[in-house]
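I opened this model to look up its pocket, its core and its ring pairs, and I note below what I found under each heading.

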Amino acid sequence: MTGASLSFAAGFAGLVFGIVHFAALRRTVELYSSGRSRLAAAALTLGRIAGAILFFGLAARLGALLLLSSFLGFLLARMLALRMARRTA
C-alpha cells in the first residue's frame, strides 16, 4: 500500500474508533445521570480510556503520519458527535 492509502485507512480507522468512543461516552453520561448502574458507567469509562491508549499507541508505533491521520479521523468523529448532541438537546 502507498503512503496515501495507508493514511486514508488510518483516518477511517480513527473515525470508526471515534464513533464507538463517543457512543460509549454518551452511554456513560446516561448511566451516571440516571443514578443507576454506576459500576457499568465506571467500567465503560475505563474501557474507553484503555481503548484510546491502545488505539493511539498502535498508531504511534506505525509512524507519525498514521498517528496524525488517525487522530484527524477521531476529531472528525468528535465533531459529528457534538453535532448530534446539539440536535437532540
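**Pocket.** I asked first which helix gives the most to the lining of the largest pocket. In this predicted model, that helix is α3, with five residues. I then checked which elements supply at least two lining residues each, and found α1 (3-34) and α3 (64-88). The residues I listed along the lining are Phe-22, Ala-23, Leu-25, Arg-26, Arg-78, Ala-81, Leu-82, Met-84 and Ala-85. Sorted by class, the lining comes out as seven nonpolar residues and two charged ones, with no polar residue. For the volume of this largest pocket I noted about 220 Å³.

**Core.** Next I looked up the largest nonpolar core, which has eight residues: Leu-15, Phe-17, Phe-22, Ala-52, Phe-55, Phe-56, Phe-74 and Ala-77. Each of α1, α2 and α3 supplies at least two residues of this core. I kept a general remark beside this entry: in soluble globular proteins, nonpolar side chains tend to be buried together. Taking Phe-17 from the core, and leaving aside its neighbours within four places in sequence, I found it in contact with Gly-51, Ala-52, Phe-55, Phe-56 and Phe-74.

**Ring pairs.** How many aromatic pairs does a search of the whole structure find? I recorded eight. One of them joins Phe-22 and Phe-74, a tilted pair with 5.2 Å centre to centre and 35 degrees between the planes. This pair links distant parts of the chain, since Phe-22 lies in helix α1 and Phe-74 in helix α3, 52 residues apart. Both Phe-22 and Phe-74 are buried. I then turned to Phe-56 and Phe-74, whose ring centres are 5.4 Å apart and whose planes stand at 85 degrees, so I entered the pair as edge-to-face, planes over 60 degrees apart being counted that way. Here too distant parts of the chain are linked, with Phe-56 in helix α2 and Phe-74 in helix α3, 18 residues apart. I entered Phe-56 as buried because its relative accessible area is 18%, and Phe-74 as buried because its value is 11%; the cut-off is under 20%. Ring pairs link Phe-17, Phe-22, Phe-55, Phe-56, Phe-71 and Phe-74 into a cluster.

**Ala-50.** Is Ala-50 buried, exposed or partly exposed? I found a relative accessible area of 37%, so Ala-50 is partly exposed. Ala-50 lies in helix α2 (residues 38-62). From Ala-50 to Ala-77 I noted 27 residues in sequence and 18 Å in space, C-alpha to C-alpha.

Conventions:
Residues numbered from 1 in each chain as written. Predicted model: local features only at pLDDT ≥ 70, side-chain atom pairs only at ≥ 80, totals over all residues. Heavy atoms only, no water. 1 Å grid on protein atoms, 1.4 Å probe; cavity = no way out; pocket = protein on both sides within 12 Å on 5 of 7 lines; lining within 4 Å. Points joined across faces, edges and corners; volume = space filled by probe spheres on them. Helix = DSSP H or I, 4+ residues; strand = E, 2+ residues; numbered from the N terminus. Nonpolar A, V, L, I, M, F, W, Y, C, P; charged D, E, K, R; others polar. Buried < 20%, exposed > 50% of the residue type's maximum accessible area, 1.4 Å probe, protein only. Core = buried A, V, L, I, M, F, W, Y, C linked by side-chain atoms within 4.5 Å. Contact = heavy atoms within 4.5 Å. Phe/Tyr/Trp six-rings, centres within 6.5 Å; stacked < 30°, edge-to-face > 60°.
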